[in-house]
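Welcome! Please take a look at the sequence and the structure below, and then read on for a short tour.

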Amino acid sequence: MEGTAALRSPVRASAGPRFLRLKMASRREAIAPTVEEIADFLDDLPLDPDRRANLRVALSEGLSNAVVHGNALCPERPVLVVCCLEIGRRAIVDVRDFGRGFDAAALLDCRDEERVLAPSGRGVFLMRQLVDRVVFNRRGNRVRLTMRAK
């Protein structure tokens, strides 16, 4: 797949988690194929179609933020993705970039009247609305998305 280098860990212990590790190029064109690869890997997570679509959108936002804001579209800086599938329980996806990071707590609410028409600033809000849990590391260059089976 162009733009990603999959390092699959196909170990399928019957009760244990399964992992997928990806190294994605910091290019906009790499985002959609990477979302598809992650979604295919997570196909065993029981989600209704709406929640599955929500997960795809959140993944796209997280990867886009890493590529554009974190790595500044710099080809020498990959985006690292680690997916953990706990079959029947949940999926956890870590997206890490090599940028300076940001303070997630200092983000302005994109619903505020003065921010509604701003050209950016909705990605983190969307991720928080679409998956069960969104956690940033202290530096702000890694996001962990969690979606529980429902």
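## Overall layout

Helices here are DSSP runs of H or I with at least four residues, strands are runs of E with at least two, and both are numbered from the N terminus. Please keep in mind that this is a predicted model.

The protein chain holds 3 helices and 6 strands. Followed along the sequence, these elements come in the order β-β-α-α-β-β-α-β-β. The protein chain has 150 residues, and 39% of them are buried.

## A residue in helix α3

Helix α3 covers residues 123-130, and F125 is found there. With a relative accessible area of 24%, F125 is partly exposed. Although F125 and A58 are 67 residues apart along the chain, their C-alpha atoms are separated by 9.7 Å.

## A network of charges around D132

The whole structure contains 10 salt bridges. In one of them R51 partners D132, and their closest N and O atoms are 2.8 Å apart. This contact links distant parts of the chain: R51 sits in helix α2 (residues 49-70), D132 lies in the loop between α3 and β5, and 81 residues separate them in sequence. R51 counts as buried because its relative accessibility is 13%, under the 20% cut-off, whereas D132, at 26%, counts as partly exposed.

D132 also meets R148 in a salt bridge, at 3.9 Å from N to O. R148 belongs to strand β6 (residues 142-148), 16 residues away from D132 along the chain. A relative accessible area of 40% makes R148 partly exposed.

K150 forms a salt bridge with D132 as well, with the closest N and O atoms 4.0 Å apart. K150 lies in the segment after β6 and D132 in the loop between α3 and β5, so this pair ties together parts that are 18 residues apart in sequence. K150 is exposed, with a relative accessible area of 58%. Through shared partners, R51, D132, R148 and K150 are joined into one network of salt bridges.

## An aromatic pair

How many aromatic pairs are there? The count comes to 1 aromatic pair. F102 and F136 form this edge-to-face pair, with 5.2 Å from centre to centre and 80° between the planes. The two rings link distant parts of the chain, F102 in the loop between β4 and α3 and F136 in strand β5 (residues 133-136), 34 residues apart. F102 is partly exposed at 31% relative accessibility, while F136 is buried at 18%.

## A positive patch on the surface

R77, R96, R100 and R139 gather on the surface in a patch of positive charge. Of these residues, R96 has its place in strand β4 (residues 90-96) and counts as partly exposed at 32% relative accessibility.

Notes: Residues are numbered from 1 along each chain as its sequence is written. This is a predicted model: local features need pLDDT of at least 70, side-chain atom pairs count only at pLDDT 80 or more; totals for chains, interfaces and linings use all residues. Side-chain values use heavy atoms; hydrogens and water are left out. Patches are made of residues with over 30% relative accessible area and no salt bridge: like charges are joined within 9 Å, nonpolar side chains (Val, Leu, Ile, Met, Phe, Trp, Tyr) within 5 Å. Accessible areas come from the Shrake-Rupley method with a 1.4 Å probe; for residues, only the protein chains shown count as cover. A salt bridge is a side-chain nitrogen of Lys or Arg within 4 Å of a carboxyl oxygen of Asp or Glu. Lys and Arg count as positive and Asp and Glu as negative; His and the chain ends are not counted. The place of a charge is taken as NZ of Lys, CZ of Arg, CG of Asp or CD of Glu. Buried means under 20% relative accessible area, exposed over 50%, partly exposed in between (1.4 Å probe, protein chains only). Rings of Phe, Tyr and Trp (its six-membered ring) pair if their centres lie within 6.5 Å; planes under 30 degrees apart count as stacked, over 60 as edge-to-face and the rest as tilted.
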